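Subject: A structure for you to look at

Dear colleague,

I am passing on the structure below, and after it you will find what turned up when I went through it. Please keep the sequence and the 3D view open beside this message while you read.

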Amino acid sequence: MDSTTELVFTQEIEAAPTAVYYAVTNGAAMREWLSTSSQVSARVGGRIYLYWQQGYYTCGEFKELVPAEKVVYSWQGRHEPVVSTVTMTLSARGDKTELSLVHAGFPAGDEASEMRQSIQD
């Protein structure tokens, strides 16, 4: 089996987990903070499409949705040779939320270093 790697990000957000969950599962909200355009059907098996004006786009399918706690979806971007997985875990920290995002399933070799760097940026 080929070796894979993951990118891990953690961010404290000044909002309740319910608000953060909404922001990462609602198409209109995602257009406000993430992408130029989005179509989101937030249900297990539902699709997610994101597009950026610079020409990059990605699509995926929701795998797990636990309101105010967890969001998991597949991700395959333009010209990316693999389908990866995005997992967001939301944890209440008083009146804030700690969001842990793990983007996993990238090839670990040099051939995918540009793809990993692009997503990390």
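I would start at one serine: the side chain of Ser-74 reaches the backbone nitrogen of Glu-61 at 2.8 Å, which falls under the heading of a polar contact (a pair of N or O atoms within 3.5 Å, where within protein one must be able to donate a hydrogen and the other to accept it, and where residues adjacent in sequence count only if both atoms are side-chain atoms). Before going on, please note that this is a predicted model, in which local features need pLDDT of at least 70 and side-chain atom pairs count only at pLDDT 80 or more, while totals for chains, interfaces and linings use all residues. Residues are numbered from 1 along each chain as its sequence is written, and side-chain values use heavy atoms, with hydrogens and water left out.

Ser-74 itself is found in strand β5, and with a relative accessibility of 12% it counts as buried (buried means under 20% relative accessible area, exposed over 50%, and partly exposed in between, with a 1.4 Å probe and protein chains only). If its neighbours within four places in sequence are set aside, Ser-74 is in contact (heavy atoms within 4.5 Å) with several residues, among them Cys-59, Gly-60, Glu-61 and Val-83.

The overall layout

The protein has three helices and seven strands, where helices (H or I, at least four residues) and strands (E, at least two) are DSSP runs numbered from the N terminus. Read from the N terminus on, the elements follow the order β-α-α-β-β-β-β-β-β-α. Of the 121 residues in the protein, 35% are buried.

How are the seven strands ordered in the open sheet? The order is β1-β7-β6-β5-β4-β3-β2, with antiparallel pairing, and two strands are said to pair if DSSP finds at least two bridges between them. The strands β1 (4-13) and β2 (37-40) stand at the edges with a single partner strand each, so one side of each is left without a neighbour in the sheet. On average, and with direction ignored, neighbouring strands of this sheet are turned by 20° against each other (axes are lines fitted to C-alpha atoms, for helices over the stretch in contact, and angles run from 0 to 180 degrees between N-to-C directions).

At one edge, β1 and strand β7 (residues 96-107) pair in the antiparallel sense over 10 bridges, and Thr-5 has Phe-106 as its bridge partner in β7. Helix α1 (residues 17-25) lies across β1, β2, β4, β5, β6 (84-93) and β7, and runs at about 160° to β6.

A threonine in β7

Thr-97 lies in strand β7 and is buried, with a relative accessible area of 0%. A polar atom of the Thr-97 side chain lies 2.6 Å from the backbone oxygen of Ala-15. Although Thr-97 and Glu-14 are 83 residues apart along the chain, their C-alpha atoms are separated by 6.5 Å. Beyond its neighbours within four places in sequence, Thr-97 is in contact with residues including Gln-11, Ile-13, Pro-17, Val-20 and Leu-90.

The aromatic rings

How many aromatic pairs does a search of the whole structure find? There are three, where rings of Phe, Tyr and Trp (its six-membered ring) pair if their centres lie within 6.5 Å, and where planes under 30 degrees apart count as stacked, over 60 as edge-to-face and the rest as tilted. The rings of Trp-52 and Tyr-56 have centres 5.5 Å apart and planes at 45°, so this pair is tilted. Trp-52 counts as buried at 15% relative accessibility, whereas Tyr-56 is partly exposed at 22%.

Trp-52 also forms a tilted pair with Trp-75, at 6.5 Å centre to centre and 50° between the planes. Because Trp-52 lies in the loop between β3 (47-51) and β4 (57-66) and Trp-75 in strand β5 (residues 70-77), the pair ties together parts that are 23 residues apart in sequence. Ring pairs thus link Trp-52, Tyr-56 and Trp-75 into a cluster.

Two loop residues

Most residues other than glycine have a negative phi. Ala-68, in the loop between β4 and β5, has a positive phi near 65°. His-79, in the loop between β5 and β6, likewise has a positive phi near 65°, and at 70% relative accessibility His-79 counts as exposed.

With best wishes
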